[in-house]
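Thank you all for coming; I would like to walk through one model this morning. Please keep the sequence and the structure in view while I talk, and stop me wherever something is unclear.

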Amino acid sequence: MEENLKLNIGCGRDIRQGWINIDGLKFPGVDDVCDVRGLEKYSGKANYIMANHVIEHLPFREIEGVLSHWKDILVKGGTIEITCPNLEVVWEKFQETKNYHSMLVAFYGNQKDHMYDYHLCGFTPNLLQEK
């Protein structure tokens with residue numbers, strides 16, 4: 001494994017140069033096709049983990065274990081960056097716009113392209129920090 005290892009976990013079509021792009025589906029540019037809950041081969045080796053719009057696709061009951069697993073992948077002092085829909089913001093925008101489609105997609109996912117296109121849980125910043 002290389003030094004300064006950066007993992008783009010659950011990358012989908014967001015392929016990044018200089019990163020190991022990991023996804024459960026074989027999109028063009030994905031380096032490692034595997035479940036984001038089974039990344040043992042990277043244990044203790046990653047300096048940076050990015051998980052953009054991934055965590056909401058996992059069952060809520062598995063979140064603590066997944067986050068613990070991802071922490072095990074990091075070298076000491078490494079960073080995990082998690083981005084996901086903020087349910088408080090989604091609700092506030094819905095109250096302003098009454099755009100049901102946008103709210104439903106944020107809550108439940110697009111549900112059209114593939115088996116991972118569904119949201120199984122949701123977070124606010126405070127709830128995610130508690131995990």
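Strand 2 and strand 3 (residues 32–33) run parallel and are joined by two bridges, and within that pairing Asp23 has Val33 as its bridge partner in strand 3. When I say that two strands pair, I mean that DSSP finds at least two bridges between them, and the helices (H or I, at least four residues) and strands (E, at least two) are themselves DSSP runs, numbered from the N terminus.

Before going further, I should say that this is a predicted model, in which local features need pLDDT of at least 70 and side-chain atom pairs count only at pLDDT 80 or more, whereas totals for chains, interfaces and linings use all residues. Residues are numbered from 1 along each chain as its sequence is written, and side-chain values use heavy atoms, with hydrogens and water left out.

Coming back to strand 2 (residues 20–23), is it covered or uncovered on its faces? Both faces are covered, with Ile20 and Ile22 buried on one side and Asn21 and Asp23 buried on the other; here buried means under 20% relative accessible area, exposed means over 50%, and partly exposed lies in between, with a 1.4 Å probe and protein chains only. Strand 2 also pairs with strand 1 (residues 5–9) in the parallel sense, over three bridges, and Ile22 of strand 2 has Ile9 standing opposite. Taken as a whole, the sheet is open and consists of five strands in the order 3-2-1-4-5, with parallel pairing. Its edges are strand 3 and strand 5 (74–83), each of which pairs on one side only.

Let me turn to the interior. The largest nonpolar core, meaning a set of buried Ala, Val, Leu, Ile, Met, Phe, Trp, Tyr and Cys residues joined through side-chain atoms within 4.5 Å, has 25 residues, and Leu7 and Trp70 are those with the most contacts inside it. Strand 1, strand 2, strand 4 (46–52) and helix 1 (63–73) each supply at least two residues of this core, and helix 1 gives the most, with five. Helix 1 also holds Val66, which counts as buried because its relative accessible area is 3%. The C-alpha atoms of Val66 and Leu39 are separated by 10.0 Å, the two residues being 27 apart along the chain.

Next comes helix 3, which I would like to take from one end to the other. At the N-terminal end of helix 3 (residues 100–108), Asn99 acts as a cap, with a side-chain oxygen 3.2 Å from the backbone nitrogen of His101. Just before that, in the loop between helix 2 (87–97) and helix 3, Lys98 has a positive phi of about 60° although it is not a glycine. After helix 3 comes Gly109, whose phi is also positive, near 90°.

What does the side chain of His119 reach at 3.5 Å? It reaches the backbone nitrogen of Gly109, and a polar atom of the His119 side chain also lies 2.8 Å from the backbone oxygen of Ala106. His119 sits in the loop between helix 3 and helix 4 (125–130), and it counts as buried because its relative accessible area is 13%.

Finally, the charged pairs. A search of the whole structure finds five salt bridges, a salt bridge being a side-chain nitrogen of Lys or Arg within 4 Å of a carboxyl oxygen of Asp or Glu. One of them links Asp14 and Arg16, whose closest N and O atoms are 3.0 Å apart. Arg37 and Asp35 meet in another, at 2.8 Å from N to O, and Arg61 and Glu62 meet at 3.2 Å. Through salt bridges that share partners, Asp35, Arg37, Arg61 and Glu62 are joined into one network. Within that network, Arg61 counts as exposed because its relative accessible area is 71%, whereas Glu62 is partly exposed, with 23%.

Technical notes:
Polar contact = N/O pair within 3.5 Å; in protein donor to acceptor, adjacent residues only side chain to side chain.
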